Amino acid sequence: MVEVTYHCPYCGAVTSIDRAPSLQDASVTRHPLADHEYAATTADVEAGDGIEFVCLGDVGGEATATGNARSQSSTAGDRAGPRPGRDGCGRTFYLNYRQSPPPTVGPTR
Ligand SMILES: [Zn+2]
């Protein structure tokens, strides 16, 4: 199990979860995708097509930032970025696992 973190698309609060390292993330969305079944974070998160999060913010104390969040662009528009330490907003968002490779639609240039 590895700990991965996601940030809420609404408010940017960071939520962390333990899950199998073999799973790959495709996207985080505000709404569930069609034909996807989502598991609660307290359930078997590897059973479904994704995870349903409730934005609770960082409940584990210090957030372990993943990746390259070093780029400090001063206020990059209104795009919500990760905001560790922020309280959650209580809304629900969805992590979608990467599944079979996407179909190649049309020519790629
Ligand atoms: Zn939130």
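Which residue stands opposite Ala39 in strand 5? I will come back to that once the strands are laid out, and I should say at the outset that what we are looking at is a predicted model.

Let me begin with the overall picture. The secondary structure of this protein comes to six strands and zero helices, so that, read from the N terminus, the elements run β-β-β-β-β-β. Of its 109 residues, 15% count as buried. As for the contacts between residues at least 6 apart in sequence, 69% of them join residues that are at least 24 apart.

Turning now to the N-terminal part, strand 1, which covers residues 2–7, runs antiparallel to strand 2, residues 14–19, and six bridges join the two. Within this pair, Thr5 is the residue that stands opposite Ser16 of strand 2. The two strands form a hairpin with six residues between them, and in the turn you will find Gly12, whose phi is positive, at about 90°.

Further along the chain, strand 4, residues 38–40, pairs with strand 5, residues 50–54, and here the sense is parallel, over three bridges. This brings me back to the opening question, and the answer is Ile51, the residue of strand 5 that Ala39 stands opposite.

Strand 5 has a further partner in strand 6, residues 92–97, to which it is joined by five bridges, with the two strands running antiparallel. In this pairing, Val54 stands opposite Thr92 of strand 6. If you follow strand 5 in the model, then, you can see it paired in the parallel sense with strand 4 and in the antiparallel sense with strand 6.

Note on methods
Residues numbered from 1 in each chain as written. Predicted model: local features only at pLDDT ≥ 70, side-chain atom pairs only at ≥ 80, totals over all residues. Helix = DSSP H or I, 4+ residues; strand = E, 2+ residues; numbered from the N terminus. Buried ≥ 20, exposed ≤ 12 C-beta atoms within 10 Å, placed from the backbone. Contact = placed C-beta atoms within 7 Å. Pairing = 2+ DSSP bridges.
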